[in-house]
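Dear colleague,

I am passing on a structure that I would like you to look over, and my notes come after it. Please read them alongside the coordinates.

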Amino acid sequence: MNFPIAVLLICAMIGLFDKMIGGKFHLAEEFDRGMTMMGSLALTMSGIYCFSVMLGQFLSVKLPSASLPIDPSILVSSLLATDMGAYSIADTICTDSMQKIFSGVLLSSTLGTTISFSLPIALGNVSHHDSKTLMTGMVYGIIAVPSVLIIGGLIIGMTISSLLVNLLPVLFICVTLALCIFYGGDKAVHIFQKIGKGINLLAILLFALILVQVFVASPSFTFVNPELIGEVLTIVFKISVIVCGSFILSNLILKYFMHQILSLARIIHVNEFAIIGLLLNLINSVSMLSVFGKMDKRGQVMNAASCVTSGFVFGGQLAFVSSVENNAVLTFIIAKLAGGAVAMLIAALLSPPYDPDTIDESTIISERNE
């Protein structure tokens with residue numbers, strides 16, 4: 001067990017203890033909030049994880065890396081999130097352990113997560129008025145994705161030549177995607193919303209097949225290796241516990257360090273909700289969307305940018321990576337945090353100046369009191 005996971009596990013245990021004594025410290029609610037995610041995680045991950053392992057085994061035979069100009073794991077990890085099949089496929093088709101971490105952990109946790117999860121979910125949860133600001137910020141985040149890969153690649157020991165070979169197709173994908181988002185307008189919004197719905201439907205369908213296999217228990221209804229089902233459910237449990245710890249840690253930070261948060265907001269010229277969003281982003285980018293509409297424009301752009309690179313770094317993805325590739329945890333954290341800093345710097349330089357009149361101050365005060 002590494003240090004970040006240990007800290008989050010201790011926080012989860014504190015929440016569990018608070019639950020045992022009746023929630024006197026108001027942390028039991030955060031623990032329950034994390035555990036309620038177990039069902040949705042199982043629905044989203046179970047089928048995709050099991051079938052992606054089998055898909056990876058098929059691709060390793062039909063698409064040997066030596067016969068292609070680029071490693072096929074790069075294409076897969078550019079489209080799928082780490083815990084939605086990208087790592088499983090990379091694990092089976094990559095013969096090099098460094099390539100597996102580059103594609104299955106670093107690339108999929110940034111660009112793959114953005115395309116398959118963050119962007120479609122965000123577009124469905126923010127108002128149409130804020131969608132352009134959201135997409136502009138995500139373009140800045142996509143521009144910063146190569147920084148995550150370079151830093152992470154160097155940490156795991158990739159040579160400069162190998163890093164350049166892997167970066168070229170990623171750069172092409174990032175530029176193409178950024179241009180499509182920036183100039184696509186409503187058409188781009190519609191396309192990514194359709195992608196999100198399609199992935200959700202696929203996850204439900206594959207989960208249904210797993211259910212049939214588990215309850216029918218007949219050789220004619222065996223779709224995946226039964227061992228994979230137990231494996232993915234163990235991963236889902238670990239993710240849920242780590243998310244509990246993340247929620248409790250964020251609650252303690254917001255409770256005891258609010259003064260520092262306000263000071264930081266003044267330093268980088270955003271409002272307090274933007275700082276809260278940046279903290280929530282590190283755990284779960286979906287949680288950040290709950291305060292997205294309360295941020296000033298500059299804060300919205302910075303949050304959308306950091307969502308691409310540093311989103312989920314202390315949340316479910318960290319728990320997943322620690323479960324399947326424990327030796328890559330520190331690389332994952334350092335690279336994503338550094339990439340988040342780069343994305344925020346780009347957003348800060350290119351975003352409009354802070355306008356305190358963007359959000360009515362009386363509204364902020366009343367919402368804070370509530």
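The notes below cover one helix and then the salt bridges.

This is a predicted model, in which local features need pLDDT of at least 70 and side-chain atom pairs count only at pLDDT 80 or more, while totals for chains, interfaces and linings use all residues. Residues are numbered from 1 along each chain as its sequence is written, and side-chain values use heavy atoms, with hydrogens and water left out.

Helix 8 covers residues 160-184, where helices are DSSP runs of H or I with at least four residues, numbered from the N terminus. Its 25 residues reach 34 Å from the first C-alpha to the last, which is close to the 36 Å expected at 1.5 Å a residue (the expected span being 1.5 Å times one less than the number of residues). There is nevertheless a kink of about 30° at Leu-167, shortly before the proline Pro-169; the bend at a residue is the angle between axes fitted to the seven residues ending there and the seven starting there. Both Leu-167 and Pro-169 are buried, and the buried residues of helix 8 also include Leu-163, Val-170, Ile-173, Cys-174, Leu-177 and Ile-181 (buried means under 20% relative accessible area, exposed over 50%, and partly exposed in between, with a 1.4 Å probe and protein chains only). An α-helix has 3.6 residues a turn, so residues three or four places apart point the same way. The cover over the buried residues of helix 8 includes helix 4 (72-77), helix 6 (97-123), helix 7 (128-155) and helix 9 (186-216), with contact meaning heavy atoms within 4.5 Å. After helix 8 comes Gly-185, which has a positive phi near 60°.

The structure holds 5 salt bridges, each defined as a side-chain nitrogen of Lys or Arg within 4 Å of a carboxyl oxygen of Asp or Glu. One of them joins Lys-19 to Asp-32 at 2.8 Å, N to O; because Lys-19 lies in helix 1 (residues 3-20) and Asp-32 in helix 2 (residues 28-35), the pair ties together parts that are 13 residues apart in sequence. Lys-19 is partly exposed at 40% relative accessible area, and Asp-32 is partly exposed at 30%.

Asp-91, Lys-100 and Glu-325 are linked in a network of salt bridges. Within it, the closest N and O atoms of Asp-91 and Lys-100 are 3.2 Å apart, and Lys-100 meets Glu-325 at 3.3 Å, N to O. Since Lys-100 lies in helix 6 and Glu-325 in the loop between helix 15 (316-324) and helix 16 (329-350), that pair ties together parts 225 residues apart in sequence. Asp-91 is partly exposed at 36%, whereas Lys-100 is buried at 14% and Glu-325 is buried at 8%.

With best regards

Conventions. Helix = DSSP H or I, 4+ residues; strand = E, 2+ residues; numbered from the N terminus.
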